[in-house]
Structure formats: structure tokens, C-alpha cells
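Subject: Structure handover

Hello,

Here is the structure I said I would pass on. My notes on it follow below.

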Amino acid sequence: MSDKLTPLDAAFLEVEDSDRHANLSIGAVVVAEGPTPTDDDLIERLSARIRSLPHAADRIHVIPLDLAAPTWVPDPNFDPARHFTRIGVPSPGRMCDLTDTVAWIMSERLDRDRPLWQCWLIEGLEDCRWAILVKAHHSLIDGVTGARLFDVLFDKPLTSGPPTDNEAPKGPKSLYGKIIGFYCSTLRAPQRLARRSVRIAEGTAQLAGDLLIPSANSSLNGPIGHQRRYGTAQVRMHDVRTICSAFDVTVNDVALACVTSSLRSLLLHRKEDISRHAVRTLVPVSVRASNTGTSFHNEVSLMLPFLPVEIEDPVDRLQTIHRRLSRHKNGGESGSGQTITAAAQYAPFMSSAWFIRLAMRVPQRSIVTVVTDVPGPTEKRRLLGRGIIGIYPYVPIAVRLRLGFAILSYHDQLAFGITADYDSVSEVQLLSMSVEQEVASLLRSTRNPSSAGEFH
């Protein structure tokens, strides 16, 4: 039985169809240590588990003349082995050799005649290490559900957390509690609906108002080519939490401060404008409800804050980011974005498809970059008995965005994956170094406020 793509899922395909240089595949690079697994071992793991993921064995079926949204249909020739490739990095197998290989792989589009995912085993890394690159199309999964792919690859964790709602005992007391909660929720529904409607209206106005404020002209916005560059940065989560505690901010605030610092460094390096409206970023926001954990459809909204690249002091930058994000969240902007994408379900698909194609013909100059932050495994994991020492995310770029930042947490690490257009952004190493230096600078400022800004 087929399953129709949501408007948002289908939109990712339309963007690719409208721009021959766009490639909307997301990915994650898992670096492990120990003996490199054999092809048979890894294919056996994939074959045993991959079918548990929705549409992992399905391909896209397009309805002629856009009379309806594309659908997922079973691939009669599905074989996990066809989605697996082994490749070696050039000697000596340094991190830069790995990132160059990842950039080359992610530059190529997935074959739409097959299920839209691949698994690459990358061997030959120094210190007896190797990597797995999982690549999937954005129409198949979003960042949050993409993180669940780790459960397909990774060994089961040795420890288990407290029971979830689905695992909790279903005794009379819990049943009555749910019934009472349902009726209380129903009685409060009109008030909640009214409040939500007001917030969404305010958020929609804010979202529209944001887009009316143009970003300054920047070399970071413009046509992109086919090839990509990829870089990584990594900081300790312990250090990030120390910063959060000292300045009463969130992990996401610190991550955005790191991105802001790297963009400021790049613009200064290029001797470009670093005014208040120099860099607007698109920040995807997950709107996935807690009771929809098995859904693999994209369920995201967005915010469009300006990043304070004009502020020199790292602590001032961080606190400004915290205030701006709080204002965007409290203003209902993310809710309005969700409402817009949800409303698209009720519009004829033909009109949605043609709207996207028309929009792709108008060069957008309001947004400079995309920054996505996804939680990963909170405990140490293993793959076929080998220890995993790092996980790095990959976010695609398109529609004149020449830079994208993906952030993913794993155990006591916060990893950044930086995607760049090959032709227009060669300074990926500068961006990576600036991310790590920002955390070092903020950490120093928690001990000695006068040291803030030492790296700037």
C-alpha cells in the first residue's frame, strides 16, 4: 500500500528538480575505532534492521501532471547490499582526508529509482580508525528522525533509562488519570485554541516582518555549484554546560554563538560588512509531538533570527543570541511556520508544486545560512562491538545558501558539521577553528570575565 508524501517532504524533491545544483541529502559521519568490519557483517546488520524504518525499502512514485503528491511504493528489487559501498580515504587518513571524501560523496544526488538512502564504509583513517557515512534524502527523514537511524546501526545500549509512557503500567489508576486529564483538557480547549490562534497570528506577522528586512549584501549568498566542501569542529559538552550555567543560557544558544563567531571571522577575513543585518539564518525547529515518535515524516517549522556578527565581545554575543531567540520563540514564530506547512496539506498538490517552482526562479537574498541543532545519543555507543568516538552531522545547502551548519550532541561531545559551496567558500578550516575558539573564549570568561574576547 502506498503512502503519500507530505507537502513538506515533497517540497524537498521540488527544490531539487528546480535547481540542478541542489542536493537535499542529509547525513551523519560515525567515526569508530578498532578492526574495520567486513562487508558481510555490516550488510547483515543493515538487512536485519533497515526494514524497521518507514520507507527504507520504498522508492518514489511521481503522479503524472502533478495531479497528486508523489507516493512511496515498495521497491520490488530492494536489496540492502545495493545501498552499501566501501571506500578508502587517501593516505595518511587524517580528518581532512575524511571530510574531503564525505564532501565528494554528499555532492552526488541519490538515485530516485531506488530507496533514497546509502551507507558508506570509509576505511584507512589514521590510528586504526574507520567511519560510516549514512546518507538519506531530506524527503525521507528530518534531522530528529535521522538521529534514530543510529539505532539501526548501533549495538543496543548496555543500560536502559526509565520506562517511557508506552512502557508504563496500564493499571486502573493510570487509566482513570488519563480519562480525567482528557476531560480537563477538553474543557480548557477553547481557551487554549484562542491563545494559540493569537500567538500564531502574531508569529506569522513577525515572520513576514522579518523577511521584509533585507540582509546586507554578502558573498555568502549567491548561486552555488554542484560540488561541496565539508568541515568539522568538536567541543566538550561539559564545557558547554559550564557556559550555560554561568550565563543562564541554553546549549542551542552556545551553539549559535559558535556559528556567529565563525561567520564574523569569515566576514572580517573577507573585509565585508558585519552590521546588525549582515547575517540572517534559518533555524529549523522540530514540532514533533512526543506521541509521534514513530513518524518519519518531516515535522519542522522555522525561525529567522539575525545573528549578531557585529558584536565583538563573545559574552555580549551569547547573551544577545539568547534574547533574540527567546523573543522569536515567545512570539509564536515557530508555530506560525508549522501552521503554514500544515495548511499546505489542504491545497491541491499541483498548486503547491508550481508555487515552489516559481519561487525557485526568484533569487532569495534574505537568508544567508541555515543552522540546525539535533540531539544525538546521550551515552557511549558501539557499532558491531567497536567503540564510537565521534559523530558529525551534514546539512544540505540550496537556494543561494552557500553555507550550512549542523550541530549534533553525542555523549560528552558537541559536534559541528559545516557544509560549504566548493567554488565560493574555501575557508572551511577558518570556520571550524573559530567554532572551537569561541567555546574556549567563553569558558575562560566564566573563570575570568576580563579574558572574554581574547580570541577576537
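Which residues lie nearest the centre of the largest cavity? They are Ile50, Leu53, Trp117, Val134 and Leu149, out of 15 residues that line the cavity. Three elements give two or more residues to that lining: strand S6 (117–125), strand S7 (129–137) and helix H5 (149–153). H5 has the largest share, with three residues. By class, the lining has 15 nonpolar residues, no polar ones and no charged ones. The space in this cavity comes to about 130 Å³, and the structure holds one cavity of 30 Å³ or more. Please keep in mind that this is a predicted model.

Next, strand S14. S14 covers residues 403–410, and eight of its eight residues are buried. On one side these are Leu403, Phe405, Ile407 and Ser409; on the other side they are Gly404, Ala406, Leu408 and Tyr410. Both faces of the strand are therefore covered, given that buried means under 20% relative accessible area.

S14 has pairing partners that include strand S11 (residues 369–374), which runs parallel to S14 over six bridges. Strand S15 (residues 413–421) is antiparallel to S14, and eight bridges join the two. Leu408 appears in both pairings: Leu408 is the bridge partner of Val374, and Leu408 also stands opposite Ala415 in S15. The hairpin of S14 and S15 has two residues between the strands, and His411 there takes a positive phi near 55°.

Some backbone geometry should be checked against your own setup. Most residues other than glycine have a negative phi, and most peptide bonds are trans. The following entries depart from that pattern.

- Ser91 to Pro92: this peptide bond is cis, with omega near 15°. Pro92 sits in the loop between strand S5 (84–88) and helix H3 (95–106).
- Lys271: phi is positive, near 60°, and the residue is not a glycine. Lys271 is in the loop between helix H8 (251–269) and strand S9 (281–286). Its relative accessible area is 75%, so Lys271 counts as exposed.
- Val399: phi is positive here too, at about 40°. Val399 belongs to the loop between strand S13 (386–394) and S14. With a relative accessible area of 30%, Val399 is partly exposed.

Regards

Technical notes. Residues numbered from 1 in each chain as written. Predicted model: local features only at pLDDT ≥ 70, side-chain atom pairs only at ≥ 80, totals over all residues. Heavy atoms only, no water. Buried < 20%, exposed > 50% of the residue type's maximum accessible area, 1.4 Å probe, protein only. Helix = DSSP H or I, 4+ residues; strand = E, 2+ residues; numbered from the N terminus. Pairing = 2+ DSSP bridges. 1 Å grid on protein atoms, 1.4 Å probe; cavity = no way out; pocket = protein on both sides within 12 Å on 5 of 7 lines; lining within 4 Å. Points joined across faces, edges and corners; volume = space filled by probe spheres on them. Nonpolar A, V, L, I, M, F, W, Y, C, P; charged D, E, K, R; others polar.
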